[in-house]
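Here are a few notes I jotted down while going through this one. Have a look at the structure first, then see whether you read it the way I do.

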Amino acid sequence: MVKICCIGAGYVGGPTMAVIAVKCPAIEVVVVDISKPRIDAWNSDKLPIYEPGLDEVVKACRGRNLFFSTDVEKHVAEADIIFVSVNTPTKTRGLGAGKAADLTYWESAARMIADVSKSDKIVVEKSTVPVKTAEAIEKILTHNSKGINYQILSNPEFLAEGTAIEDLFKPDRVLIGGRETPEGRKAVQALKEVYAHWVPEENIITTNLWSAELSKLAANAFLAQRISSVNAMSALCEATGANVSEVSYAIGKDSRIGPKFLNASVGFGGSCFQKDILNLVYICECNGLPEVANYWKQVIKINDYQKSRFVNRVVSSMFNTVSGKKVAILGFAFKKDTGDTRETPAIDVCKGLLGDKAHVSIYDPEVTEDQIQRDLAMNKFDWDHPMHLQPTSPSAIKQELDYQKIFDNMQKPAFVFDGRNVVDAEKLREIGFIVYSIGKPLDGWLKDMPAIA
Ligand code: UDX
Ligand code: ADP
């Protein structure tokens with residue numbers, strides 16, 4: 001029986017291992033973590049992360065061939081394949097601060113593997129790491145090897161939060177990078193066989209190690225770039241009277257462009273996009289490519305611009321001040337169907353409004369008050385906070401908002417600012433609201449109150 005151990009029971013490690021276990025009943029999968037509360041939560045009825053479909057998958061195989069444990073060393077020692085899925089936040093200090101990935105957790109995981117291993121291992125990079133990390137890990141392992149053979153593979157994860165289970169069940173592709181030696185190829189084949197239990201062979205791509213590592217950063221940079229491009233267009237739409245949804249639809253019909261990931265928004269968030277682009281920028285700088293670094297930096301600049309543009313729009317519409325005004329924020333996570341608040345644009349928006357002395361009330365069915373307090377108190381690059389447990393209130397309740405009632409209880413003029421283009425703006429205007437939708441033709445009121453960017 002093949003034994004798999006995954007170090008790190010987070011947003012990536014947890015769901016990925018649960019799906020491997022459910023699809024491969026003959027493989028024993030143990031997910032280990034140094035955090036006891038997190039492992040306890042994985043072993044309880046209340047999983048530590050909210051992800052549609054995850055509960056069912058975990059229930060189907062937990063205790064059968066899926067286990068969660070804090071006994072990191074024992075399970076690493078017993079495993080044939082070790083996935084490393086620990087956090088790789090952006091460095092907050094020292095060389096490369098604010099850009100480079102902090103590999104502290106990775107390095108300590110690698111040293112621990114070297115310490116406890118007594119048999120040959122395949123070590124799989126699952127967390128996003130800078131290009132050439134595999135080489136560093138290989139060095140740590142082989143210099144401490146005691147005669148054990150290690151093969152390092154890069155198998156980046158492309159799942160998106162909120163659709164993790166769906167993405168894992170039906171991935172567009174699985175990418176496996178390895179050394180181009182007979183032993184390297186054998187290791188790639190062994191991992192390929194795991195995924196081949198449910199992923200068609202033509203969707204499993206094998207490459208060299210560096211291509212796999214770079215493809216992950218490149219994929220996220222390209223995705224984020226699409227959002228920044230459409231968000232840049234949204235500003236122009238507001239200035240000209242064009243409608244960004246119509247523009248997106250029209251360009252997305254071109255099969256070379258395609259329809260996905262063209263929704264204008266208040267800005268992208270999440271643990272990957274910004275971090276990975278900063279990482280890419282840093283790698284470019286280190287390789288003497290400042291022009292390339294600047295090109296990708298622009299994607300982040302537009303994202304920051306979009307967030308401050310939104311805040312400016314809110315403030316300018318309300319006579320250039322929100323001081324003492326009550327603002328309700330609906331939704332705080334970085335997107336729907338997740339409780340993850342890492343790099344959520346809501347943090348910048350709330351901080352912007354609070355900076356102007358607004359009275360802000362925040363609600364998100366998946367995010368606790370504690371979490372929101374922590375997010376609004378912390379520094380920019382301090383976001384790799386410990387994962388929070390889910391709120392105790394029944395989060396599944398999706399209430400329909402009664403906008404007429406809300407309007408009746410608000411001071412007039414009453415405003416709605418839609419950072420996701422999800423409300424029915426026409427309906428709200430009929431009720432009497434002044435509505436701002438990103439990239440859409442502006443209400444007369446908003447036209448008269450131009451936002452200062
Ligand atoms: C992303 C990648 O999609 C995934 O492949 C990678 O493995 C990890 O990073 P994730 O961060 O979970 O996944 O979420 P994603 O769905 O990509 O959304 C990221 C952000 O972009 C969210 O804030 C989302 O609201 C925003 N977004 C997305 C837009 O603003 N417009 C869009 O059209 C799509
Ligand atoms: P991601 O979104 O990439 O999955 P998370 O922060 O959700 O990242 O999860 C990473 C997990 O890795 C955390 O639960 C953390 O406790 C765990 N971790 C970090 N270092 C180690 C280590 N040396 N051994 C075991 N677990 C670790």
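The points below go from the domains to the ligand and then to one helix pair.

1. First, a reminder that we're looking at a predicted model. The protein splits into domain 1 (3-199) and domain 2 (218-448), and their centres, taken over C-alpha atoms, sit 32 Å apart.

2. On the domain contact: 24 residues of domain 1 touch 24 residues of domain 2. The domain 1 side of that contact has 12 nonpolar, 8 polar and 4 charged residues.

3. Where does the shell around ligand 1 come from? Both domains chip in, with at least three residues each from domain 1 (3-199) and domain 2 (218-448). By element, α9 gives the largest share of that shell, 3 residues.

4. Staying with ligand 1, there are 19 residues around it, and Asn263, Ser265, Phe268, Gly270 and Cys272 come nearest. By class the shell has 11 nonpolar, 5 polar and 3 charged residues.

5. Now back to α9 (residues 209-240), which packs against α12 (residues 290-317): the axes come within 9 Å and cross at roughly 45 degrees. Angles from 35 to 65 degrees count as oblique, so α9 and α12 are oblique to each other. The crossing of α9 past α12 is left-handed.

6. Which residues make the contact between α9 and α12? From α9 they are Ala221, Ala224, Gln225, Ser228, Asn231, Ala232 and Ala235; α12 brings Trp296, Val299, Ile302, Asn303, Gln306 and Arg309. Sorted by class, the contact residues of α9 and α12 come to 7 nonpolar, 5 polar and 1 charged.

Note on methods:
Residues are numbered from 1 along each chain as its sequence is written. Chains are lettered from A and ligands numbered from 1 in the order in which they are written. This is a predicted model: local features need pLDDT of at least 70, side-chain atom pairs count only at pLDDT 80 or more; totals for chains, interfaces and linings use all residues. Axes are lines fitted to C-alpha atoms, for helices over the stretch in contact, and angles run from 0 to 180 degrees between N-to-C directions. Helices (H or I, at least four residues) and strands (E, at least two) are DSSP runs, numbered from the N terminus. Angles under 35 degrees count as roughly parallel, over 145 as roughly antiparallel, 65 to 115 as roughly perpendicular and the rest as oblique. A crossing is left-handed if the near helix is turned anticlockwise from the far one by less than a right angle, and right-handed if clockwise. Two residues are in contact if their C-beta atoms, placed from the backbone, lie within 7 Å. Ala, Val, Leu, Ile, Met, Phe, Trp, Tyr, Cys and Pro count as nonpolar, Asp, Glu, Lys and Arg as charged, and the others, Gly among them, as polar. A residue is near a molecule or strand if its C-beta atom, placed from the backbone, lies within 6 Å of it. Domain bounds come from an automatic or database domain assignment.
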